[in-house]
Amino acid sequence: MNRNQLKYIAVFAMLIDHIAWAFVPVASPAGQAMHFVGRLTDPMMAFFVAEGYLHTRSIRKYVLRLFLFALISQPPFSLYLSGTWFSLPLNVMFTLLLGLLAIWLWDRGGLPQGLRLLAVLVLCILAIPGDWSFMNVLWPFCFFLFRQDEQKKWLSYLVLALLYIGYCFVQMGPQAAFNFGLLCAPLLLRCCSGEPGSRAPFHKWFFYLFYPCHLLLLWLLKL
């Protein structure tokens with residue numbers, strides 16, 4: 001599958017996940033199934049941040065675009081979660097932006113390795129109050145760092161995923177079982193052909209606009 005096709009799968013899985021958080025009890029079979037599907041989304045988004053860094057014509061424009069849509073998406077995200085115009089956590093575009101910055105600093109920062117590691121650590125700390133926390137720094141970073149070594153790339157992903165799953169079980173107990181859906185994401189990502197798919201502007205902007213628009217719609221439906 002090309003990158004566009006996989007992105008549409010990620011968007012569909014996100015929609016299912018967010019519908020479940022809004023309307024379906026987590027402990028119910030339907031809630032568990034919907035969130036299991038929803039766990040496909042974030043690893044795929046992290047993967048495409050790393051891919052985007054490698055293929056973008058302007059990293060500065062890419063960073064600015066993510067930052068602007070992170071700002072635009074925060075009010076809908078906060079309304080969806082809490083009914084207020086601003087509340088924590090920060091939305092997923094902020095944490096993905098920090099993941100992109102981690103890759104950029106590592107690849108082009110011109111700093112000694114020790115300082116680059118420190119910079120990645122600082123970005124992980126900044127991501128803590130955001131959706132998916134520092135996972136959205138470490139996953140894109142590992143996808144980029146081990147891009148030429150498939151074994152290390154997927155092993156690092158699985159180690160981080162299992163640590164996250166363990167943390168969720170500590171926090172939520174048996175209800176956290178849906179997080180095992182994270183282990184299915186590599187099955188889809190390994191199907192990526194590397195081809196971008198159609199370069200029509202619709203596809204590019206749809207993925208950015210869908211995130212705040214669907215959150216706003218779900219908030220209105222909750223009302």
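How many nonpolar, polar and charged residues does the lining of the largest pocket have, by class? The views below take up this question in a predicted model, in which local features need pLDDT of at least 70, side-chain atom pairs count only at pLDDT 80 or more, and totals for chains, interfaces and linings use all residues. Residues are numbered from 1 along each chain as its sequence is written, and side-chain values use heavy atoms, with hydrogens and water left out.

**View 1. The largest pocket and its centre.** The largest pocket (on a 1 Å grid over the protein atoms alone, an open set of points where a 1.4 Å probe fits, with protein on both sides within 12 Å along at least five of seven lines) has a volume of about 1,100 Å³, a volume being the space filled by probe spheres set on the points, which are joined across faces, edges and corners. It is lined by 33 residues, and Lys7, Tyr62, Arg65, Lys204 and Tyr208 are the closest to its centre; a lining residue has an atom within 4 Å of a point.

**View 2. The lining of the largest pocket.** Helices (DSSP runs of H or I, at least four residues, numbered from the N terminus) that give two or more residues to this lining include H1 (3-23) and H10 (201-222), while H3 gives the most, with 8 residues. The lining has 17 nonpolar residues (Ala, Val, Leu, Ile, Met, Phe, Trp, Tyr, Cys and Pro), 8 charged ones (Asp, Glu, Lys and Arg) and 8 polar ones (the others, Gly among them).

**View 3. The second largest pocket.** This pocket has a volume of about 820 Å³, and among its 31 lining residues Arg39, Asp131, Trp132, Ser133 and Tyr164 lie nearest its centre. H8 gives the most to this lining, with 7 residues.
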